[in-house]
Amino acid sequence: MAKKGEQDEFYELFGHLFENGEFVGLKEPIVTILFKCIDCGTEDEVPDFVVDEFSYDLDEGEEVETECPACGGTMRKAKTNPK
Ligand SMILES: [Zn+2]
């Protein structure tokens with residue numbers, strides 16, 4: 001057995017990566033954002049963190065755009081809120 005103090009410190013730092021003593025790693029669910037092609041209507045789910053990366057290059061007020069895998073057109077965030 002490892003010395004108790006060390007183990008406590010270890011779990012304090014990395015305990016969130018374990019479940020019942022087994023390493024589970026980072027298992028946060030991937031959040032996806034729905035994009036829709038403004039040319040052909042194809043919908044595609046883009047992981048949240050990818051959208052964030054695209055956002056860094058944008059000027060204020062600009063929307064993230066991705067390339068449509070179906071037609072090569074422009075995809076933008078789909079408005080999921082009906083209002
Ligand atoms: Zn398209």
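Two exercises on a strand sheet follow, each with a worked solution.

The model is predicted, so local features need pLDDT of at least 70 and side-chain atom pairs count only at pLDDT 80 or more, while totals for chains, interfaces and linings use all residues. Residues are numbered from 1 along each chain as its sequence is written.

**Exercise 1.** Work out the order of the strands in the open sheet, and state which strands stand at its edges.

Solution. Take strands as DSSP runs (E, at least two residues; helices are H or I, at least four), numbered from the N terminus, and let two strands pair if DSSP finds at least two bridges between them. Strand β3 (residues 32–37) pairs with β4 in the antiparallel sense over 5 bridges, with Val46 of β4 as the bridge partner of Ile33. Next, 3 bridges join β3 to strand β6 (residues 74–77), again antiparallel, and here Cys37 stands opposite Met75 of β6. The order of the 4 strands is β4-β3-β6-β5, with antiparallel pairing. Because β4 and β5 (65–67) each have a single partner strand, they stand at the edges, and one side of each is left without a neighbour in the sheet.

**Exercise 2.** Decide whether strand β4 (residues 43–47) lies largely in the open or is buried.

Solution. Count the other C-beta atoms, placed from the backbone, within 10 Å of a residue's own: 20 or more make it buried, 12 or fewer exposed, and anything in between partly exposed. Of the 5 residues of β4, the number buried is 0, so the strand lies largely in the open. In the hairpin of β3 and β4, with 5 residues between the strands, Gly41 takes a positive phi near 85°.
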